[in-house]
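Here are some short exercises, each with a solution worked through in steps. Have a go at each one before reading on.

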Amino acid sequence: MMEHLLIAPVVLPALVAPFIIMVLRHHLDLQRIFSLASAVLLAGVTLALAAQAADGTVKVYELGDWPAPFGIVLVLDRLSAMMIVLTSLLALPVLLYAIGSGWDTRGSNFHALFQFQLMGIMGAFLTGDAFNLFVFFEVLLIASYGLMIHSGGTRRFQAGVQYVVFNLLGSTLFLFALGTLYSVTGTLNMADLAVKVAQIPAEDTALLRVGAVMLLLVFAIKASLLPLHFWLPSAYANAPMPVAALFAIMTKVGAYSILRIYTLVFGPEVEATAGLTESWLLPAALLTLGAGAIGVLGSKKLGRLAAFGAIASMGTLLIAISLFTQTAAAAALYYLVHSTLAAALLFLVADLVMERQGQWILPQLPMPQTGLISALFFAAAIALAGMPPLSGFLGKLLVLDATRGAALAPWIWGVILLGSLVTIIGMARAGSLLFWKGHGLPPEDTDTSAEPPVDTLPARPAQLPFVACFGLLGGLVALTVFAGPATRYAEATAAQLYAPSAYIDTVLGRTAE
Amino acid sequence: MELLVASAVGILTAAGVYLILRRRSFPVILGLSLLTYAVNVFLFATGRLVTGAPPILNKYEEVAYTDPLPQALVLTAIVISFGMTAVVVMIALGAYLSSRDDATAMPVEADGAEEEA
């Protein structure tokens, strides 16, 4: 029984979602209860799995009991465990927020799509098969298309078309990459790929390198690396904000895939692809951080501000990943957890403001609960910018420390520090415009650009959205307070990543018996 | 045979990319479809081109066989791309019906007043 726990994070949402669609279609309260119960259960399951993986063992689940290179396997190691725990702990406050703010009533099937989305993300983190990774990417994408256009609206549909087309192109490229890799190696199991790639003679690797770069491009699209980030700002800014908060984990799926494939299959010691990823990824990540910071500074809408903040944090994360050293990977993992929570918090706070004032960053009359919301915005802003009290500062410090010996270290330090400064200025500008300038306005001033008040605002302000926001903030504080254990876990995870033989042996081991 | 398949993949991809760059929903969706056809044919070719052979290994003698795995991959890819095409058609239709414009580029944000959050 216990060995089947490994597939529960995929199966549980996959069962709850159709149940919600087919049985509870007309019962919103029951939908909410089942969706929340599923999310809570998911959190429990992922925590139990993380406890199993914490001692460094690699657990393999063979679907249909087919042995590894032939069947599809799910693999649980420290990295996968960390990512699924992060996903489930992110999903809980986001779901609470969506329920509390009434976003789930503004269109149909929010909860079912949410569960399908969770299923896709969990599967992508757990699978040990490259083609299965593609399938789970498609599951999470098709659910995200539905969530992205949830509750409709012209601009949301237009942004949705762009988002879908861009990601379909990414999927096609993914298939081309997988086909190329399969034609060279004859396998798609990640552990088996690692074995086969290492055996290919160096003069025979042209196709393999093409496949590796195409795969990197696919993951770069998902991770919104600079030349391929164009889908993100309009998609996230026009999506419902709680959905965008959940999407904060989706860019991390790309980062996770880069980390997984380019340590396991095309690791640093593989001659065929040596230097291929590092030479491209690092400059692109630096540009991503720069573009994100400038975007934060230049945003006129709150949604875009949060989206560019997410891009900037992806830039920092990818800088740390692109060094492909063990210490940098540990720093990247710590920063990954932080930036997911911080970006989600910023999206939720942006929604709190947008529900009351509209989406433009303009001085407007003080809104209800302005003190509480401005305090939350302040916390989210300093978290995302990486200012001292919260874990962003520690994360950036770890990244800076890990990059000290790199060849491009002056560039990395300069871009990270300058990027943080520009992000702080952009956040400060937005915050003071939104929360301070409004106090000077005469009460009867009706600005032409002011939005009409949103009619769905309840008479008594809902408490649940604030609970959700403080939950995420609590996560950030816990990550700061327990930085010691968290970094130790990240270091152990990075050590496991850079010693992939245990992973490979465990996945392929049973065939030898 | 190889030349035929390779040029089919190449021409389909080129036509697909060209159509996607047209920036109107309908050509873009057609282009995406052509690209998925291209990738399906490409996936078939990744198992090496063999004609007239069963996708079954023979335990007793060495006979020609064709690799069954790409066929399974292609089947999955066809199902997924078909579903995705349906989704993108519906979303593009929604965008067209509500904005009366089938450009895939976002219009410059002139006024945010008429849209609701």
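In chain A, 81% of the contacts with a separation of 6 or more are between residues 24 or more positions apart; a contact means that the C-beta atoms of two residues, placed from the backbone, lie within 7 Å. The model is a predicted one, where local features need pLDDT of at least 70 and side-chain atom pairs count only at pLDDT 80 or more, while totals for chains, interfaces and linings use all residues. Residues are numbered from 1 along each chain as its sequence is written, with chains lettered from A and ligands numbered from 1 in the order in which they are written.

**Exercise 1. Compare the radius of gyration of each chain with the globule rule.**

Step 1. The radius of gyration is taken over C-alpha atoms, and the rule is 2.2 Å times the number of residues to the power 0.38.

Step 2. For the 513 residues of chain A, a compact globule would have a value near 24 Å; chain A has 22 Å, which agrees. Its C-alpha atoms fill a box of roughly 75 × 60 × 40 Å along the principal axes.

Step 3. Chain B has 3 helices and 0 strands, where helices (H or I, at least four residues) and strands (E, at least two) are DSSP runs numbered from the N terminus. With 117 residues, the rule gives 13 Å for chain B, but its radius of gyration is 20 Å, so chain B is more spread out than a compact globule. The C-alpha trace of chain B spans about 75 × 30 × 15 Å along its principal axes.

Step 4. Now look at burial: a residue is buried if 20 or more other C-beta atoms, placed from the backbone, lie within 10 Å of its own, exposed if 12 or fewer, and partly exposed in between. Buried residues are 60% of chain A and 28% of chain B.

**Exercise 2. Which elements of chain A give two or more residues to the side that touches chain B?**

Step 1. Start with the contact itself, in which 32 residues of chain A meet 30 residues of chain B.

Step 2. The elements are helix 5 (130–148), helix 6 (154–185) and helix 13 (326–357) of chain A. Helix 6 has the largest share, 17 residues.

**Exercise 3. Describe how helix 12 and helix 15 of chain A pack.**

Step 1. Two packed helices are described by the angle between their axes and the distance between the axes. Axes are lines fitted to C-alpha atoms, for helices over the stretch in contact, and angles run from 0 to 180 degrees between N-to-C directions.

Step 2. Helix 12 (residues 302–322) and helix 15 (residues 391–402) pack at about 35 degrees, their axes 10 Å apart.

Step 3. On the helix 12 side are A:Thr316, A:Ile319 and A:Ala320, which meet A:Lys396, A:Val399 and A:Ala402 of helix 15.

**Exercise 4. Is A:Phe324 buried or exposed, and is B:Arg48 buried or exposed?**

Step 1. Most residues other than glycine have a negative phi. Phi of A:Phe324 is positive, near 55 degrees, and B:Arg48 has a positive phi of about 70 degrees.

Step 2. A:Phe324 is in the loop between helix 12 and helix 13 of chain A, and B:Arg48 is in the loop between helix 2 (25–45) and helix 3 (68–99) of chain B.

Step 3. A:Phe324 counts as buried because it has 21 C-beta neighbours inside 10 Å. B:Arg48, with 12 C-beta neighbours inside 10 Å, counts as exposed.
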